[in-house]
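Colleague: I'm still new to reading structures like this. Could you take me through one part closely, the place where the two domains meet, and show me what sits around it?

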Amino acid sequence: MKEEILKLIKLQEIDSEIAGFDNIIAKQQALIASRENAIVEKQEAITVFRGKIELLDQKQRETKAEHDDAGIRVKDRQNKMMQVQTSREHQALLKEIEENKRLLKETDDRVLLFIEQIEQLEQEVATLENLCLGEQQLLKEAIETVEKEIKRIEVSKKSVVSQREKEALVIQAPYLKRYMMLLNKREGIAVVAINDNVCQGCYMGLPPQQVIEIRKADKFNTCPTCQRILYFKEQEDEAVGK
Ligand SMILES: [Zn+2]
């Protein structure tokens, strides 16, 4: 039985190494994804700003038309002034001219305000576009580096995976099956050492009688809490030939 446990300890060591490779690859890919995401967020902000600019530009043009109309009315009423007969007509025209002059000033202010807001947004768009360009360039370089790194890791992983296949072949099927089940259910750790009578998988204490049995290793001992297969540290040294 001890032999079988030693084989499983070895297999666990290899599987943890493979998981380590996968973990590094996943982290690198996540880093790239988060950088891509940051660029997409900026691009989305640019789209929102552009929409706002379009809206303000529309309002600006409408206000400008209002302004021009008021200007035309001022000129028209001023011309009419020369032909008025009564003081009532004169007063009415003066009032209209005043109102339209006020409108001229007011629309002028509004147009200026719109232009100011548009300029501000265009500035923000330009800043974001610049940032995007820079980030895209850096990202392109980072992707190249990561792809090279992943290829390098894949090569190392491949040799470990082929070693794993050989090691798994010599393990009796029911044990291997149990090991695989635990590996899947217990975050990639199926076989763990105990330390100070504590399972290093779930960190729960073990009954003293069981600790004695684990040291003997003449049967499979599993943690009563997490069901992982347990062993003594000295057995690991023996398994991996330290
Ligand atoms: Zn446990």
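Modeller: Let's start right at the meeting place: 13 residues of domain 1 are in contact with 15 residues of domain 2. Bear in mind that this is a predicted model. On the domain 1 side, helix H1 (residues 2-81) supplies the largest share of what touches domain 2, namely twelve residues. Sort that side of domain 1 by residue type and you get seven nonpolar, two polar and four charged. For orientation, the domain assignment puts domain 1 at 2-169 and domain 2 at 173-239. Their centres, taken over C-alpha atoms, are 53 Å apart.

Now look at the largest nonpolar core, which has 18 residues. At least three of its residues come from each of domain 1 and domain 2. The elements that give two or more residues to this core are H1, H3, S1 and S3, and H1 gives the most, with four residues. Leu8, Ile9, Tyr179, Val191, Ile229, Leu230 and Tyr231 are the members that touch the most other members. There is a general background to this: in soluble globular proteins, nonpolar side chains tend to be buried together.

Let's follow the core into the sheet. It's an open sheet of three strands in the order S2-S1-S3, and its pairing is mixed. Strand S2 (198-199) and strand S3 (229-231) are the edge strands, each pairing on one side only. Strand S1 (residues 191-195) pairs with S3 in the parallel sense, over three bridges. You can pick out the partners by eye: Val192 stands opposite Leu230 in S3, and Ala193 stands opposite Tyr231 in S3. With S2, S1 pairs in the antiparallel sense, over two bridges. Here Asn195 has Val198 in S2 as its bridge partner.

Leu230 deserves a second look, being one of the core members with the most contacts to other members. Leaving out residues up to four places away in sequence, Leu230 touches Val192, Ile194, Cys199, Ile214, Asn221, Thr222 and Cys223.

Next, two residues with a backbone twist you might not expect. The hairpin of S1 and S2 has two residues between the strands, and in it Asp196 takes a positive phi near 50°, although Asp196 is not a glycine. Asp196 is exposed, with 8 other C-beta atoms within 10 Å. Glu187 has a positive phi too, near 45°, and isn't a glycine either. You'll find Glu187 in the loop between helix H3 (173-185) and S1. Glu187 counts as exposed because it has 9 other C-beta atoms within 10 Å, and the cut-off for exposed is 12 or fewer.

Finally, back to domain 1 and the partner of H1. Helix H2 covers residues 87-169, which is 83 residues. At 1.5 Å a residue, H2 should span 123 Å, and its end C-alpha atoms are 114 Å apart, so the two values agree. Asn100, Thr107 and Phe114 are buried in H2, and the buried residues of H2 pack against H1. That brings us back to H1, the helix that also gives twelve residues to the side of domain 1 touching domain 2.

Key: Residues numbered from 1 in each chain as written. Predicted model: local features only at pLDDT ≥ 70, side-chain atom pairs only at ≥ 80, totals over all residues. Pairing = 2+ DSSP bridges. Domains from an automatic or database assignment. Contact = placed C-beta atoms within 7 Å. Nonpolar A, V, L, I, M, F, W, Y, C, P; charged D, E, K, R; others polar. Expected span 1.5 Å × (residues − 1). Buried ≥ 20, exposed ≤ 12 C-beta atoms within 10 Å, placed from the backbone. Core = buried A, V, L, I, M, F, W, Y, C linked by C-beta atoms within 7 Å.
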